[in-house]
Amino acid sequence: MKPLLINGAWQTTSQAIDNINPSDTSDVIDAYARAGETEAKSAIAAAREAAPKWGRSTPQQRHDLLARIGQEILSRKDEIGTLLSREEGKPLAEGVGETIRAAHIFNFFAGEALRQAGEKLASVRPGVDIDITREPVGVVGIIAPWNFPIAIPAWKIAPALCFGNSVVMKPAELVPGCSWVLADIIHRAGAPAGVFNYVYGPGSQVGQAMLDCPDIDAITFTGSQDTGQIVAAACAKHMRKMQLEMGGKNPLVVLDDADLETAVECAINGAFYSTGQRCTASSRLIVTEGVHNRFVEACVERLRGLTVDNALKDGTDIGPVVDQSQLDQDIRYLDIARNEGGNIRYGGEVVERATKGFYLTPALITDTNAAMTINREEVFGPVASVIRVRDYDEALQVANDTPFGLSAGICTKSLRHASHFKANAKAGMVMVNLPTAGVDYHVPFGGTKGSSYGSREQGRYAVEFFTSVKTAYTAA
Ligand code: ADP
């Protein structure tokens, strides 16, 4: 059984949860100790105790810790990437790529630890100086989703530690493995007892205990909108800082003048890679009528060539859906789309492979419109719909017609339309001739409307959430 990490000590519990490979349900990766409310509370108490000292640690200490973590992740990228693909189901190349990204994130924040600066201003009053500095928030609670088992924990843990906070981290039920490896690395890299705590267990118990405990100063959460609302209500009750990332219904606009090959690549990559289980997935393909039919045909041709199979097998393009309930959800949305008049032009079939897993062929739905359920709610699977529009103006209007606003893409050769789209797409991230998914690790990540709440994650903008600002006045 893989234990919890609380106050610098490994701790088992009386119950464990099996970590099952979605590509092969007979493959039990390991059993992971299941925390309950008691363990969550001990972890929070340990983090509270450790916070002041870590908050006073030097930039060099924080740099060295983060750099050691980044280095070890990178040196074990194949092993950790394999575990990632085994527990989450994305193809091995993507699993290794995500692991490398996690290492880069730790390295980035190792550098940021050395670059923490304040401001000094003259007061409007004579003989008074003003210093503006940043302080750690204190104890940060991290609630992570299953779709990026190492990158999302990394982009929350690294800035939290970098800016002098202690951490209580809860991975998603489905993917404890990569987070456990991360906890082990952080522990051995020399994080002082209580500075980093790993508590694995159900959201309704461990997550809820974190939300209910007044000793957590800030919560950073990535997951569904429904849970995001629970997190927001609890944080409001405790007047605590929060950062929420909650998914998207991301448009990829394809105009008549687009390079067709680029547009198809953007659509296939953005909509179906990582089995479409990305909050930045291009789930709505908005296509002007001059290119619509050619675009759909070319997408279907590309989809026919994709291999859906075991994530660890050579040649697999799309792995399984993460579990049975996610597969049921995908199928339910396909049924709804069909019933509302959509045409499943390709895929959407549950298929069997040599190993028993949750395999669904990538689905392309045509003849949809902006009002249909399939274009309003996040599916979180290998499912994309095509919306035919007259021209750019209608494309932009449809692109923005969603409760979400995470990422938005456009494929066009027109500088005028690209510039207009960048300025007018209601999204936190805009892509021109690129897929809506696939972002850099050193720049801000986040959205508008129902996608995000609070300040941005990643890059230098992460400092906003993980610190609090102090303005000090001194009479000379
Ligand atoms: P998904 O559909 O991606 O699993 P969820 O929003 O259900 O998204 O889960 C995201 C994270 O939130 C997971 O770590 C989950 O355990 C956690 N979670 C779920 N319910 C709660 C809750 N009531 N309180 C706190 N965390 C929760």
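**Figure 1. Lining of the second largest cavity in the predicted model.** In this predicted model, 14 residues line the second largest cavity. Those nearest its centre are Pro-251, Ala-399, Phe-404, Gly-405 and Lys-426. The volume of the second largest cavity is about 60 Å³. Its lining comprises seven nonpolar, five polar and two charged residues.

**Figure 2. The largest cavity and the residues around its centre.** Three cavities of 30 Å³ or more are found when the whole structure is searched. The largest cavity holds about 80 Å³ of space. The lining of the largest cavity consists of 13 residues, and Ala-281, Ser-283, Glu-378, Val-379 and Phe-380 are the closest to the centre. Sorted by class, this lining contains five nonpolar, five polar and three charged residues.

**Figure 3. The largest pocket, with its lining residues and secondary-structure elements.** The volume of the largest pocket is about 990 Å³. The pocket is lined by 38 residues, and the closest to its centre are Trp-146, Gly-223, Ser-224, Gln-225 and Thr-227. At least two lining residues come from each of α7, β10, α8 (225-237) and α11 (324-339). The lining of the largest pocket divides by class into 16 nonpolar, 14 polar and eight charged residues. The space taken by the ligand is this largest pocket.

**Figure 4. The shell of residues around the ligand.** The ligand occupies the largest pocket. Two elements, α7 (203-212) and β10 (218-222), each give two or more residues to the shell around the ligand. The greatest contribution to this shell is that of α7, which gives four residues. In total, 16 residues surround the ligand, and the closest are Ala-144, Lys-170, Glu-173, Ser-224 and Thr-227. Seven nonpolar, seven polar and two charged residues make up the shell.

**Figure 5. Polar atoms of Glu-173, Gly-203 and Ser-224 beside oxygen atoms of the ligand.** Glu-173, one of the closest residues to the ligand, has a polar side-chain atom 2.7 Å from a ligand oxygen atom. Ser-224 is also among the closest residues; an N or O atom in the side chain of Ser-224 lies 2.7 Å from an oxygen atom of the ligand. At Gly-203, a polar backbone atom is 3.4 Å from a ligand oxygen atom. The ligand has 550 Å² of accessible area on its own, and the protein covers 80% of that area.

**Figure 6. Ser-224 and Thr-227 at the ligand and in the largest pocket.** Ser-224 and Thr-227 are among the residues closest to the ligand. Both residues are also among those closest to the centre of the largest pocket. The side chain of Ser-224 places an N or O atom 2.7 Å from an oxygen atom of the ligand.

Terms used:
Residues are numbered from 1 along each chain as its sequence is written. This is a predicted model: local features need pLDDT of at least 70, side-chain atom pairs count only at pLDDT 80 or more; totals for chains, interfaces and linings use all residues. Side-chain values use heavy atoms; hydrogens and water are left out. A residue is near a molecule or strand if one of its heavy atoms lies within 4 Å of it. A polar contact is a pair of N or O atoms within 3.5 Å; within protein, one must be able to donate a hydrogen and the other to accept it, and residues adjacent in sequence count only if both atoms are side-chain atoms. Accessible areas come from the Shrake-Rupley method with a 1.4 Å probe; for residues, only the protein chains shown count as cover. On a 1 Å grid over the protein atoms alone, a cavity is a set of points where a 1.4 Å probe fits but cannot get out, and a pocket is an open set with protein on both sides within 12 Å along at least five of seven lines; lining residues have an atom within 4 Å of a point. A molecule sits in a cavity or pocket if more than half of its atoms lie within 2 Å of its grid points. Ala, Val, Leu, Ile, Met, Phe, Trp, Tyr, Cys and Pro count as nonpolar, Asp, Glu, Lys and Arg as charged, and the others, Gly among them, as polar. Grid points are joined across faces, edges and corners, and a volume is the space filled by probe spheres set on the points.
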